[in-house]
Amino acid sequence: MSQGGFNMTAFALRASRLHNGVSRIHGGVASRMEAYVWPQIPWMENPVGYVTNGVHVATFLAHEWSSLFDVRFGSEWRNKLTEADYWARIDTIPDHSYWSVHQSLKGAMLEAVQKRVTRQHRRNGAGEGVIRRLTRQLEPDAKTPLVIGFARRFATYKRAGLLFEDPKRLARLLNDPDRPVLLLFAGKAHPHDHPGQNLIRLIHEFSRSPEFEGKVILIEGYDLALARRLVTGVDVWLNTPEYPLEASGTSGQKAAINGVVNLSVLDGWWGEGYAGDNGWGICPHKGPIDNDQRTREESAEVLDILEQQVVPLYFNAAEHGYSRSWIAMSKAAMRRAMPVFNAERMVLEYARDYYRKAAGHARQLAADEAAGGRALARWKRQVSSAWSGVRLERGQDIPEAVKVGESLHLTVLVHGNGLRPDDLIVECLFESSDDLGEVLLRDQAPFVADGVDGEGRLVFRLDHEPRTSGFQTLRIRAYPYHALLAHRFELGCMVWL
C-alpha cells in the first residue's frame, strides 16, 4: 500500500466487529500489527482473538487408518472427533498393527514418488543409469530409510534451505549406510516470487551434487494427490518457518493425524500442539540477532535434533524390527492432534465465539427498525467528538500500603467533556512484574459513579479489598462503554490517570 492509499486490511477491520487470527501466536501477531485500528488500547486487549485452524479428518486421514479404527473402535470414532479422552484408545492399538499400517502407507508413498521422479528425469533427458542412481533409495528392495518430508509453498520465510546451511554435516547424516535417511522436497513458488523460485533451484542443485544424489529428492508437479501421499507416508514432517511468520501450518496437522511426527519451529499451530512426547520443537531464536545468525543457529539446532534424537530413536529397532519408542511418539502425535486440530472443532469455535455472537449482535442492532443501531451510531459520534477533551484527576492520594483484610478507597474525578457517567467505565488495574520483567495483571476492579462535584467533574469511587498480596502497581484508566458494543474496546479510545 502506498502512503495514504487504500488499506484493505484496515477497511475490513473497521467494517467488521469480530476479528481473529488462525492460531494463538498468529492472533497475538495480528493484534500487534493491527493495533493502529484501536490506537489507545494496549495491543494485548484489542479485539483480535484467534481460532486455530483444523483439517477435515474424513478428507486427510488415510483410508488405511480409517479401516483400522473401524475394526478396533467401531464406526463411533467419527462422532468423537472433539473428545480428547476418547482418543486415548489409540494407545491400545497393538504396536505391530500400528506399524504395519504406517509401513503400508510409507511403501505406497515411496512407490508413487519413484514413478513421479522417474518420469520427471526421463522428461528432462536423464539416462536410465542416472535415474537408477537418483532413485535407489526408493527401490522396494532397498533398506527402508527414515523419510523426512518438506512439502509446501516455497515462500522464503518457510526457509526450505535451512538444513543446507551446513551441507557437510547434513551429508554425513544422510549417508550413514546403517541408518539411511531420505529427504523429500516438494512444492511450488508463485510465478512472480523469484526468491522462492531461487529456493527451488537451490534444492535442485543440492539434490544433484554427488554427496546428496539419491538422498535428497526434489519432486516436481506438486499437487493434492502427491500432498496426500506425503502427509500419510513420511516418518517426519519438517517445518522450518521464520518465527513468527507462520500463521498456522495445516500440512503439519494433516501429517500428525496420520501418525507422522512433526519436527517444527514452535510457530503457528505447533506452538499449541507440541507437548514434548509427540514430536520435536525448534525454539525460535529471538532477541537482538540478525537473520543470518538466527538462520545458522536454528539450522544447527535442527541438525542436532536429527542427529542426536530423531535418527537414533527411529533406528532403535531391537528384536521387534521396529522402534517401540518411535511408535509411542507416533501414537502421541495422532492422539493429541486428532481431537484438537480438526475442522469440526474449528467450526464449532467459530460458531460459538464468532458467528453466533455476530448474528445476535446484528439482531440487537436491527430490532425495532434499527433503533439500537441508530442509537449506537449517535452515541459513537458523540464520544468521538468529546473524547479529546476527556481526562482524569486523582480525588485523593493513593495510600502507600494496604494490609491484608483492609479495603482500598480511591476517588477519581473525570472531566467528561459532555459525556455522562454511564458513557464511561473507570477501572483500576493491579499489576506486578515477574522475574523476567514482564508485567502481569493480578486483578482489576471497576469504580462506581458517584455524582458530579461542584466543578462539574464526574466522581467515581472505588472500595476494593485486594485479593492478592505483595508489591503491586496500580493503574487507573477510563474508556467509553455502551451496552450495544460488540467489544468493549471497539472505539479504540482510552485515557489513563
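**Overall architecture and helix packing of the predicted model**

Buried residues account for 48% of the 497 residues in the protein chain. The structure described here is a predicted model, and its secondary structure amounts to 14 helices and 16 strands. Taken along the principal axes, the C-alpha atoms of the chain fill a box of roughly 95 × 55 × 50 Å. Contacts that link distant parts of the sequence are a good place to begin: among contacts between residues at least 6 apart in sequence, 70% join residues at least 24 apart.

A helpful landmark for a newcomer is the parallel sheet. Six strands make up this open sheet, in the order 5-4-3-6-7-8, and their pairing is parallel. Strand 5 and strand 8 (279-282) are the edge strands, each pairing on one side only. Ignoring direction, neighbouring strands of the sheet are turned by 20° against each other on average. Following the order through the sheet, strand 3 (residues 146-151) runs parallel to strand 4, and 6 bridges join the two. Within this pair, Val147 stands opposite Leu182 of strand 4. Further along, strand 6 and strand 7 pair in the parallel sense over 4 bridges, with Asn239 opposite Ser264 in strand 7. Strand 7 is also mostly covered, as 5 of its 5 residues are buried.

Several helices can be placed with reference to this sheet. Helix 12 packs on the sheet and touches strand 3, strand 4, strand 6 (236-239), strand 7 (261-265) and strand 8. The direction of helix 12 makes about 165° with that of strand 8. Helix 8 (residues 194-207) lies across strand 4 and strand 5, and runs at about 135° to strand 5. Helix 7 (residues 167-174) offers a further view of the packing, since its buried residues are Arg169, Leu170, Ala171, Leu173 and Leu174. What covers these buried residues of helix 7 includes strand 4 (181-186), strand 5 (216-219) and helix 12 (291-314).

Attention now turns to helix 5, which can be followed through two helix pairs. In the pair with helix 9, the axes of helix 5 (residues 95-123) and helix 9 (residues 224-233) come within 8 Å and cross at roughly 140°. The two helices are therefore oblique to each other, and helix 5 passes helix 9 in a left-handed crossing. On the helix 5 side, the contact is made by His102, Leu105, Lys106, Ala108, Met109, Ala112, Val113 and Arg116. Helix 9 contributes Ala225, Leu226, Arg229, Leu230, Thr232 and Gly233. By class, the residues of this contact divide into 8 nonpolar, 3 polar and 3 charged.

The second pair joins helix 5 to helix 13 (residues 324-337), where the axes come within 11 Å and cross at roughly 75°. Helix 5 and helix 13 are therefore roughly perpendicular to each other. Here Asp95, Tyr98 and Trp99 of helix 5 meet Arg324, Trp326, Ile327, Ser330, Lys331 and Met334 of helix 13. This contact of helix 5 with helix 13 has 5 nonpolar, 1 polar and 3 charged residues.

One residue of helix 5 can be looked at individually. Thr118 is found in this helix. Thr118 counts as buried because its relative accessibility is 13%, and the cut-off for buried is under 20%. Leaving aside residues up to four places away in sequence, Thr118 touches Ile131 and Thr135.

A second sheet completes this tour. It is an open sheet of 4 strands in the order 12-11-15-16, and its pairing is antiparallel. Its edge strands are strand 12 (439-446) and strand 16 (495-496), each of which pairs on one side only. Strand 11 (residues 424-433) and strand 12 run antiparallel and are joined by 7 bridges. One position in this pairing is easy to find in the structure: Phe430 has Asp443 in strand 12 as its bridge partner. When viewing individual residues along strands, it helps to recall that in a regular strand the side chains alternate between the two faces of the sheet.

Methods. Residues are numbered from 1 along each chain as its sequence is written. This is a predicted model: local features need pLDDT of at least 70, side-chain atom pairs count only at pLDDT 80 or more; totals for chains, interfaces and linings use all residues. Side-chain values use heavy atoms; hydrogens and water are left out. Buried means under 20% relative accessible area, exposed over 50%, partly exposed in between (1.4 Å probe, protein chains only). Contact means heavy atoms within 4.5 Å. Two strands pair if DSSP finds at least two bridges between them. Axes are lines fitted to C-alpha atoms, for helices over the stretch in contact, and angles run from 0 to 180 degrees between N-to-C directions. Angles under 35 degrees count as roughly parallel, over 145 as roughly antiparallel, 65 to 115 as roughly perpendicular and the rest as oblique. A crossing is left-handed if the near helix is turned anticlockwise from the far one by less than a right angle, and right-handed if clockwise. Ala, Val, Leu, Ile, Met, Phe, Trp, Tyr, Cys and Pro count as nonpolar, Asp, Glu, Lys and Arg as charged, and the others, Gly among them, as polar.
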